[in-house]
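Q: I have a structure open and would like to learn how to read its features one at a time. Could you walk me through it?

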Amino acid sequence: MTGFVRDYGLIIVFLTIALETSGLPLPGETALVAAAVLASRGHFSLEAVIVVATLAAIIGDNIGYWLGRKLGRGFLQRYDVVRRFSERVLPPTERFFRRHGGKAIFLARWFSGFRIAGAWIAGFAHMSWWRFFVWNAAGGIAWAVTVAIVGYYAGQAAADAISRYGLIGAGVIVVLVLLAATGIHLWRRRVVEEA
């Protein structure tokens with residue numbers, strides 16, 4: 001992905017993220033990490049990467065939201081298998097989005113499957129667009145800043161971990177490394193104090 005982003009620039013980052021968040025299963029987060037790694041090497045500015053990723057996330061999610069809202073249940077109920085599933089799943093989903101929709105949209109940004117489907121679900125559930133927009137924008141900004149900064153400062157190691165294990169997996173690895181380093185430090189300190 002890094003070579004692809006290097007060759008085609010931030011436009012490919014924008015398109016990949018926007019298409020992913022509008023509902024297509026594409027590697028948007030990987031494209032963002034690749035762009036951040038390239039920014040750390042001087043190919044792009046970090047600010048430009050963050051702005052492009054933020055705009056793509058917000059625009060793509062809004063496309064997914066409006067597609068879900070306009071196509072709605074009729075789209076899901078076109079086929080028997082999907083209709084049975086939607087009749088079972090949509091009522092509790094709509095109740096969930098009435099109570100927790102904003103938080104779900106914000107947090108969906110960090111989970112790849114939900115990042116792809118979250119906006120559609122909000123549209124199907126007829127979540128208020130202004131509420132969706134505010135939470136989506138907040139999540140898009142936080143996600144773009146977080147992932148870009150991690151990719152920029154941690155460089156290629158972070159890019160490899162995130163592309164292999166996802167952002168949550170990379171976070172778990174970082175936490176485990178920090179816990180191991182803290183444990184070793186405390187163990188050494190204890191040994192020195194006992195000696």
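Q: Let's start with one residue: is Ala-104 buried or exposed?

A: Happy to help, and please keep in mind that this is a predicted model. Burial is read from relative accessible area, and buried means under 20%. Ala-104 has a relative accessible area of 10%, so this residue is buried. You will find Ala-104 in helix α5.

Q: Which residues does Ala-104 touch, leaving out those up to four places away in sequence?

A: Ala-104 touches Phe-96 and Phe-114. You can also look at the backbone: the C-alpha atoms of Ala-104 and Gly-118 are separated by 7.9 Å, with their positions 14 residues apart along the chain.

Q: Let me step back to the whole protein. What does its secondary structure come to?

A: The protein has seven helices and zero strands. Read from the N terminus, the order of elements is α-α-α-α-α-α-α.

Q: And how much of the protein do buried residues make up?

A: Of the 195 residues in the protein, 42% are buried. Contacts add another view of the fold. Taking those between residues at least 6 apart in sequence, 74% join residues at least 24 apart.

Q: Where can I see a contact of that kind around Ala-57?

A: Begin with its position: Ala-57 is in helix α4. Its relative accessibility is 0%, so Ala-57 counts as buried. Not counting residues up to four places away in sequence, Ala-57 touches Ile-17, Thr-21, Arg-109, Asn-136, Gly-140 and Trp-143. For a backbone distance, take Ala-57 and Gly-139: they are 82 residues apart along the chain, and their C-alpha atoms are separated by 8.8 Å.

Q: Arg-109 is in that list. Which ring does Arg-109 lie over?

A: Arg-109 lies over the face of Trp-143, at 5.2 Å from the ring centre. Both Arg-109 and Trp-143 are among the residues that Ala-57 touches.

Q: Now for empty space. How many cavities of 30 Å³ or more does the structure hold?

A: The general idea is that rolling a probe the size of a water molecule over the atoms shows where empty space is left. Here the structure holds one cavity of 30 Å³ or more. The largest cavity has about 50 Å³ of space.

Q: Which residues line the largest cavity?

A: The lining consists of Asp-61, Ile-105, Ala-108, Arg-109, Phe-114, Arg-115, Gly-118 and Ala-119. Two elements, α5 (80-108) and α6 (112-124), give two or more residues each to this lining. Helix α6 gives the most, with four residues. By residue type, the lining divides into four nonpolar, one polar and three charged.

Q: Asp-61 is one of those lining residues. Is Asp-61 buried or exposed?

A: Asp-61 is buried, at a relative accessible area of 5%. Its place is in helix α4, which spans residues 46-76. Leaving out residues up to four places away in sequence, Asp-61 touches Thr-21, Arg-109, Arg-115, Ala-119, Phe-132 and Asn-136. Among these contacts, Arg-109, Arg-115 and Ala-119 also line the largest cavity.

Q: How should I read aromatic pairs, and how many does the structure hold?

A: A pair of aromatic rings is described by the distance of the centres and the angle of the planes. The structure holds ten aromatic pairs. In one of them, the rings of Tyr-65 and Trp-66 have centres 5.2 Å apart and planes at 85°, so the pair is edge-to-face. Tyr-65 is buried, with a relative accessible area of 0%, whereas Trp-66 is partly exposed at 34%. Tyr-152 and Tyr-153 also form an edge-to-face pair, with 4.8 Å centre to centre and 80° between the planes. Tyr-152 counts as partly exposed at 24% relative accessibility, while Tyr-153 is exposed at 64%.

Q: Which residues do ring pairs link into a cluster?

A: The cluster holds Tyr-65, Trp-66, Trp-129, Trp-130, Phe-132 and Phe-133.

Q: One last feature, the backbone: what is phi of His-126 near?

A: Most residues other than glycine have a negative phi. Phi of His-126 is near 55°, a positive value in a residue other than glycine. His-126 lies in the loop between α6 and α7 (129-194). With 46% relative accessibility, His-126 counts as partly exposed.

Note on methods
Residues numbered from 1 in each chain as written. Predicted model: local features only at pLDDT ≥ 70, side-chain atom pairs only at ≥ 80, totals over all residues. Heavy atoms only, no water. Buried < 20%, exposed > 50% of the residue type's maximum accessible area, 1.4 Å probe, protein only. Contact = heavy atoms within 4.5 Å. 1 Å grid on protein atoms, 1.4 Å probe; cavity = no way out; pocket = protein on both sides within 12 Å on 5 of 7 lines; lining within 4 Å. Points joined across faces, edges and corners; volume = space filled by probe spheres on them. Nonpolar A, V, L, I, M, F, W, Y, C, P; charged D, E, K, R; others polar. Phe/Tyr/Trp six-rings, centres within 6.5 Å; stacked < 30°, edge-to-face > 60°. Lys NZ or Arg CZ within 6 Å of the ring centre and 35° of its normal.
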